[in-house]
Amino acid sequence: MELKIEGITKDYKNNTALDNFHCQLRSGIYGLVGPNGAGKTTLLRILATIIKPTKGRILIDGQDITLNEEDYRSIIGYLPQKLGFYRDYTVTRFLTYISNLKGVDKNLSRDKINNLLRLLNLSEYKDKKIKTLSEGIKQRIGIAQALLNNPRILIFDEPTLNLDPKERINFKNLISRLSSDKIIIISTHIISDIECLSKEIILIKKGEKIIQDTPIEILKPIENKVWEATIDEKSLLELQNNYLVTDIKNNGTDIRIRIISDTKPDVDFYLTNPVLDDLYMYYFGKEND
Ligand SMILES: Nc1ncnc2c1ncn2[C@@H]1O[C@H](COP(=O)(O)OP(=O)(O)OP(=O)(O)O)[C@@H](O)[C@H]1O
C-alpha cells in the first residue's frame with residue numbers, strides 16, 4: 001500500500017498552515033515532528049478527511065481519495081488530539097457507539113470490542129463511566145476506537161501527550177506490534193517518543209516538509225557538528241549566547257554541555273555522535289528561543 005501526499009496547501013484566512021507539502025508513505029511507522037504551529041494537526045485532519053485542502057491531493061495506491069471517500073474512510077483510524085468523549089457512557093457503550101458509527105458489522109462488533117479491550121489492557125474498566133477514568137486510560141480508549149474498523153492507515157495526533165512514562169512505553173509496544181501491515185503516522189513534538197519506533201521521521205516547519213529519512217540517515221546534516229565539553233558556571237552564559245546549545249547537564253559541581261557548531265567551539269570540546277534531540281534543536285532550536 002502507498003499513501004501519497006501531493007502538493008497539499010491549506011490556507012486559512014490569515015495564514016498558510018501547509019505549503020505545498022509532498023510526502024510518500026508505505027507500510028510502517030512515520031513520525032511527523034515539528035514545533036507548535038508547524039502544521040501537523042492540519043495535515044493529519046486533511047488525511048483523516050475532517051477538513052479539505054485548499055490545493056493538492058492525496059492518493060492511495062495511485063487513486064485520488066476524493067473519487068471514493070467512503071472507501072478511503074473505511075480503511076483509516078484517527079485519534080485526534082482531543083477526543084470528544086461521552087463522559088457518562090461506560091467504556092463498552094462508547095466503543096459500541098463508535099463501532100456503529102463506523103458501520104462495523106453488529107454481529108462482529110462485540111467480539112471486536114472485547115479483543116481490543118484485552119489488547120489495550122482495558123478489560124477491567126469496561127463497565128466504568130468514562131468521566132471516572134484517568135487521562136492515560138482515556139487515551140487508550142481513544143486508541144481502541146481508532147482500531148475498531150481494522151484500519152490499514154492509522155493517524156495519531158500527539159498520542160503520548162497525556163501519558164505517564166509507563167504508559168508511554170506501553171503505547172510504544174502496542175504500536176510496534178500493530179505496524180507490520182499498516183501505515184501509521186504519529187505526530188509529536190517530542191522526538192524521543194518516536195525515535196525507536198519510526199521507519200522514517202518527517203520534519204515539518206512552517207507548513208513545509210524540511211526532511212524525511214530514516215532515524216539514522218536523517219542525522220547526516222549534523223554529522224561532525226555536535227560537540228561536548230565539561231565547563232564551569234562562568235563559561236555557560238557566554239556559550240549559550242554564542243552557540244546553539246542542545247543539552248545542559250548540571251551535576252552540582254560540573255556542567256556538561258552539548259553544542260552544534262561547524263567548527264570546534266573551544267579547546268576543551270570534543271566531537272560526539274549526534275542524536276535526534278540535537279537534530280530537533282538544529283532545525284527548530286532558534287525559533288523556540
Ligand atoms: N481553524 C483555523 N483557523 C485559522 N488558523 C488555523 C486553524 N487551524 C490551525 N490554524 C493555524 O495553522 C497553523 C498550523 O496549525 P496546526 O494546529 O496544524 O499546527 P501543529 O503543528 O499541529 O501545532 P501543535 O503542535 O500546537 O498542535 C498555525 O499557525 C495555526 O494557528
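**Figure 1. Lys206 in the predicted model, a partly exposed loop residue.** Lys206 has 16 C-beta neighbours inside 10 Å and therefore counts as partly exposed. The residue lies in the loop between strand S9 (200-205) and strand S10 (208-213). Its phi is near 45°, a positive value in a residue other than glycine. The coordinates shown here and in the following views come from a predicted model.

**Figure 2. Asn20, a strand residue with a positive phi.** Asn20 belongs to strand S2 (residues 16-25). The phi angle of Asn20 is near 50°, and this positive value occurs in a residue other than glycine. Because 14 C-beta neighbours are found inside 10 Å, Asn20 is classed as partly exposed.

**Figure 3. The surroundings of the ligand.** The shell around the ligand consists of Tyr12, Asn15, Ala17, Gly34, Asn36, Gly37, Ala38, Gly39, Lys40, Thr41, Thr42 and His189. Divided by class, this shell holds 3 nonpolar, 8 polar and 1 charged residues. Helix H1 (residues 40-47) supplies the largest share of the shell, 3 residues. For the complex, the predictor reports an ipTM of 0.97 and a pTM of 0.92.

**Figure 4. Helix H1 and the residue that follows.** Of the 8 residues of H1, 7 are buried, so the helix is largely enclosed by the rest of the structure. Those buried residues are Lys40, Thr42, Leu43, Leu44, Arg45, Ile46 and Leu47. Lys40 and Thr42 also appear among the residues around the ligand. Just after H1, Thr49 adopts a positive phi of about 60°.

**Figure 5. The largest nonpolar core and the contacts of Ile155.** The largest nonpolar core comprises 63 residues. Within this core, the residues with the most contacts are Leu32, Ala144, Ile155, Ile184, Ile185 and Ile202. Once neighbours within four places in sequence are set aside, Ile155 is in contact with Leu44, Leu47, Ala48, Ile76, Tyr78 and Ile185. Two of these partners, Leu44 and Leu47, are buried residues of H1. A second core, separate from the largest, has 7 residues and includes Val226, Trp227, Ile231 and Ile259. In soluble globular proteins, nonpolar side chains tend to be buried together.

**Figure 6. Phe156, a buried residue of strand S7.** Phe156 is located in strand S7 (residues 153-157). With 26 other C-beta atoms within 10 Å, against a threshold of 20 or more, Phe156 is buried. Not counting residues up to four places away in sequence, Phe156 touches Leu79, Ile185, Ile186 and Ser187. Ile185 is also a contact of Ile155. Between Phe156 and Ala146, which are 10 residues apart in sequence, the C-alpha to C-alpha distance is 8.7 Å.

**Figure 7. Ser109 in helix H4.** Ser109 is part of helix H4 (residues 106-119). The 19 C-beta neighbours inside 10 Å make Ser109 partly exposed, because a buried residue requires 20 or more. Leaving out residues up to four places away in sequence, Ser109 touches Thr96, Ser99 and Val104. Ser109 and Gly84 are separated by 25 residues in sequence and by 21 Å in space, C-alpha to C-alpha.

**Figure 8. The annotated span and the protein as context for the close-up views.** An unreviewed UniProt entry lists residues 3-231 under "domain: ABC transporter". The end C-alpha atoms of this span lie 48 Å apart, and the span is 29% helix and 29% strand. In the protein, the secondary structure comes to 8 helices and 14 strands. The C-alpha atoms fill a box of roughly 70 × 45 × 35 Å along the principal axes. Of the 289 residues, 35% are buried. Among contacts with a separation of 6 or more, 71% join residues 24 or more positions apart. The mean pLDDT of the protein is 91, with 99% of residues reaching 70 or more. Confidence is highest in strand S1 (residues 3-11), at a mean of 98, and lowest in helix H6 (residues 165-178), at 84.

How values were computed. Residues are numbered from 1 along each chain as its sequence is written. This is a predicted model: local features need pLDDT of at least 70, side-chain atom pairs count only at pLDDT 80 or more; totals for chains, interfaces and linings use all residues. A residue is near a molecule or strand if its C-beta atom, placed from the backbone, lies within 6 Å of it. Helices (H or I, at least four residues) and strands (E, at least two) are DSSP runs, numbered from the N terminus. Ala, Val, Leu, Ile, Met, Phe, Trp, Tyr, Cys and Pro count as nonpolar, Asp, Glu, Lys and Arg as charged, and the others, Gly among them, as polar. pLDDT is the predictor's confidence in each residue, from 0 to 100. A nonpolar core is a set of buried Ala, Val, Leu, Ile, Met, Phe, Trp, Tyr and Cys residues joined through C-beta atoms within 7 Å. A residue is buried if 20 or more other C-beta atoms lie within 10 Å of its own, exposed if 12 or fewer, and partly exposed in between; C-beta atoms are placed from the backbone. Two residues are in contact if their C-beta atoms, placed from the backbone, lie within 7 Å. UniProt positions are given in the numbering used here, feature names are shortened, and annotations may be inferred rather than shown by experiment.
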